[in-house]
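Please examine the sequence and the structure shown below. The explanation that follows proceeds from a single residue to its helix, and then to the core.

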Amino acid sequence: MKIYLLLFFSFIVSLDTSFAQEFTADTGNSELLFDLVDIQILKEANDILINESVWSKADDRKCQDDIDLNKYSLFCALYKASIDVLGEYNHRKAALQQVRWVIDSQYKERLNGHRLMDFNNHENTNFEDVKRLLADSILIIEKEIDEN
C-alpha cells in the first residue's frame with residue numbers, strides 16, 4: 001500500500017511541477033538576452049501563419065488540434081515554431097517574452113489573463129494585427145542583437 005501511495009504522490013508532484021514550468025509567472029525582466037534562435041522562432045511562427053486561412057481566432061492553448069488541422073492561433077504558432085526550431089517548447093523563451101511585451105505595450109486593452117490567448121481571441125484582433133505583432137517583435141529583437 002505504501003508503494004502505491006508513494007507512486008501516486010510522485011505522479012501528483014510531477015504534474016504540479018510540469019504545470020508550474022509551463023505557466024511560470026512573468027518576472028517582467030526586460031533585459032533578456034536575445035539570440036538568432038529567437039528571430040528564427042518568430043520567423044517560423046510568421047511562416048506558419050502564412051495567410052488568414054490558417055489562423056485560428058479561437059485559441060484554447062491546446063495546440064495538438066491546431067497542428068492536426070493546420071489552423072493555428074498565435075500561441076500555437078509560437079508553440080509549434082519553438083518545437084520546430086528548438087526541438088522543445090520553452091514558455092518563457094526570450095522571443096515569446098518579447099511578443100508578450102509588445103502586446104502589453106500596444107494592445108493592453110485586449111488583455112484579461114493570458115496575453116497571447118486574449119490578444120488572439122479578442123474581438124478587435126484581426127489577422128493583420130497578428131502579423132504586425134510578429135513583425136514588430138522581430139524588428140525589436142534584431143535591433144537588440146545589433147546593438148549588443
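A residue is called buried when its relative accessible area is under 20%. The model discussed here is predicted. Within it, Ser82 has a relative accessibility of 1%, and therefore Ser82 counts as buried. This residue is located in helix H4. Leaving aside residues up to four places away in sequence, Ser82 touches Ile41, Gly87, Glu88, Tyr89 and Leu96. One of these contacts, Gly87, is the residue that follows H4, and its phi is positive, near 90°.

The helix itself may now be considered. Helix H4 comprises 13 residues, from 74 to 86, and at 1.5 Å a residue it should span 18 Å; its end C-alpha atoms are 18 Å apart, so the expectation and the model agree. Besides Ser82, the buried residues of H4 are Leu74, Phe75, Cys76, Ala77, Leu78 and Ala81. Which helices cover the buried residues of H4? The cover includes helix H2 (36-48), helix H3 (64-69), helix H5 (94-106), helix H6 (115-121) and helix H7 (127-147).

Two of the buried residues of H4, Leu74 and Leu78, lead to the core. The largest nonpolar core has 32 residues, and those touching the most other members are Leu42, Leu49, Leu74, Leu78, Val99, Ile103 and Leu134. At least two residues of this core are supplied by each of H2, H4, H5, H6 and H7. Leu134 provides an example of the contacts: with residues up to four places away in sequence not counted, Leu134 touches Leu42, Ala45, Asn46, Leu49, Leu74, Leu78 and Val99.

Notes. Residues are numbered from 1 along each chain as its sequence is written. This is a predicted model: local features need pLDDT of at least 70, side-chain atom pairs count only at pLDDT 80 or more; totals for chains, interfaces and linings use all residues. Side-chain values use heavy atoms; hydrogens and water are left out. Helices (H or I, at least four residues) and strands (E, at least two) are DSSP runs, numbered from the N terminus. The expected span of a helix is 1.5 Å times one less than its number of residues. Buried means under 20% relative accessible area, exposed over 50%, partly exposed in between (1.4 Å probe, protein chains only). Contact means heavy atoms within 4.5 Å. A nonpolar core is a set of buried Ala, Val, Leu, Ile, Met, Phe, Trp, Tyr and Cys residues joined through side-chain atoms within 4.5 Å.
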